[in-house]
Amino acid sequence: EARKDNGATLGAHEEYDASGAVVAKQAKKGVRDFVFGRTLGEGSYSTVLLATDRQTLKEYAVKILDKKHIIKEKKIKYVNIEKDTLNRLIEHPGIVRLYYTFQDASSLYYVLDIASGGELLGVLKKIGSFDEECTRFYGAQILDAIEHMHNRGVIHRDLKPENVLLDDQMHIKITDFGTAKLLPDPRTARDPSSYDPAGGEEESTRARSFVGTAEYVSPELLTDKNACKASDLWAFGCIIYQLLAGRPPFKAVNEYQTFQKIVGLEYDFPPGFPPAARDLVERLLVLDPQRRLTLEHIKNHEFFDGIIWGRGLWRQKAPRLK
Ligand code: ADE
């Protein structure tokens, strides 16, 4: 497995071939290796700028995090989670890839894949809602990326259309792993039989405060303060609903009332909602995470009939949005 050390404290950057041999060595990239351009996005702890590598002219999205702000707000843990998670998820077309990290006196820099199509939410808002074909295609790509994360022991915990970006081919790239939960990597765990694909976790994950976004948060996180892999599949159900309906299933004037609706499973389908999609959503928006469809069951659900799962999904031309 090719891997790359993106440690900000290391002085050299190495590249490996498939056998693990060092094939290239160069000085670690730094701020001076890039020409910074326009702002692509802004978060509470970061700004994302367009940047061009001076040597290769390749464009990236560089996430710049302000150290003082991170320390003051006690977010160091989340900054490291994001980096560790991205380093574990490299080499999937549906996940924003981390190429380099470095820092200067004031900031941390994460050099990421650029997703020039912006957020899936923006596209959705522009056209109102997706038809069944577009929802099937984007749903399948999102699910394939979730499968990759889960297979590598990552629970995203904040899946929503704002965190699904689109590249120049209008293929998805999932971003924002700052609130992800890292489980022991099943591929490197000492005892593979202890790997629990249902995502049942240790007590270290309990008694944790709310992370995520109100409209997509799973009921188990609200009632037990515990997220598992199935919590990402609840959010996936909310996203499928939203693509077709044009609005998330649970929405109220404030967070508290949104939470009330979620734990009461208070939602309904607009007229004309496709029956196969309705059946899928109803099997995902299930209060008990153990009774929710598993990833494998979702892939085999009739809503995804005709989808060829795996790498072919990423070579396919995106359907025209309508
Ligand atoms: N905004 C936030 N992250 C981005 C990315 N990777 N590409 C484009 N815009 C972004």
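Two residues are in contact if their C-beta atoms, placed from the backbone, lie within 7 Å. Keep that cut-off at hand, and start the tour by selecting I142. Not counting neighbours within four places in sequence, I142 is in contact with V164, I172, F236 and I239.

Before going further, two notes on what is on screen. This is a predicted model, in which local features need pLDDT of at least 70 and side-chain atom pairs count only at pLDDT 80 or more, while totals for chains, interfaces and linings use all residues. Residue numbers run from 1 along each chain as its sequence is written.

**The whole chain**

Zoom out and colour by secondary structure. The chain has nine helices and twelve strands; helices (H or I, at least four residues) and strands (E, at least two) are DSSP runs, numbered from the N terminus. Of the 322 residues in the chain, 34% are buried. Here a residue is buried if 20 or more other C-beta atoms lie within 10 Å of its own, exposed if 12 or fewer, and partly exposed in between. Among contacts between residues at least 6 apart in sequence, 64% join residues at least 24 apart.

**The nonpolar core**

Next, select V62, I142, F236 and I240. These are the residues with the most contacts inside the largest nonpolar core, which has 71 residues. Such a core is a set of buried Ala, Val, Leu, Ile, Met, Phe, Trp, Tyr and Cys residues joined through C-beta atoms within 7 Å. Now add helix α6, residues 229–245: this helix gives the most to the core, with twelve residues. In soluble globular proteins, nonpolar side chains tend to be buried together.

**Three strands and a helix across them**

Select β8, β10 and β11. In that order they form an open sheet with antiparallel pairing; two strands pair if DSSP finds at least two bridges between them. Both β8 (118–119) and β11 (172–174) are edge strands with a single partner strand, so each has one side without a neighbour in the sheet. Strand β10 (residues 164–166) pairs with β11 over three bridges, and L165 stands opposite K173 in β11.

Keep the sheet displayed and add helix α4, residues 132–151. The helix lies across β10 and β11, running at about 35 degrees to β11. To check the angle yourself, fit axes as lines to C-alpha atoms, for helices over the stretch in contact; angles run from 0 to 180 degrees between N-to-C directions.

**Hairpins to walk along**

Move to strand β3 (residues 34–42) and strand β4 (residues 46–53), which run antiparallel and are joined by six bridges. A hairpin of three residues links β3 to β4. Label V35 and you will find T52 of β4 opposite.

Carry on from β4 into strand β5 (residues 59–66): this antiparallel pair has seven bridges, with S46 opposite L65 in β5. Five residues lie between β4 and β5 in their hairpin. Pause at L57, in the loop between these two strands. Its phi is near 65 degrees, a positive value in a residue other than glycine. L57 counts as exposed because it has 8 C-beta neighbours inside 10 Å.

For another positive phi, select K74, where the value is near 55 degrees. K74 is in the loop between α1 (67–72) and α2 (76–88), and is exposed, with 8 other C-beta atoms within 10 Å.

One more hairpin joins β6 to β7 through three residues. Strand β6 (residues 98–103) and strand β7 (residues 107–112) run antiparallel with five bridges, and Y100 stands opposite V111 in β7.

**Around the ligand**

Now centre the view on the ligand. L40, G41, V48, A61, V96, L112, D113, I114, A115, L165 and T175 surround the ligand; a residue is near a molecule if its C-beta atom, placed from the backbone, lies within 6 Å of it. This shell divides into eight nonpolar residues, two polar and one charged. In this scheme Ala, Val, Leu, Ile, Met, Phe, Trp, Tyr, Cys and Pro count as nonpolar, Asp, Glu, Lys and Arg as charged, and the others, Gly among them, as polar.

**Last stop: Y216**

Finish at Y216, in the loop between β12 (181–182) and α5 (219–223). Y216 counts as buried, with 27 C-beta neighbours inside 10 Å. Leaving out residues up to four places away in sequence, Y216 touches L159, K160, A235, C238 and P248. Then draw a C-alpha to C-alpha distance from Y216 to F36: the two are 34 Å apart in space and 180 residues apart in sequence.
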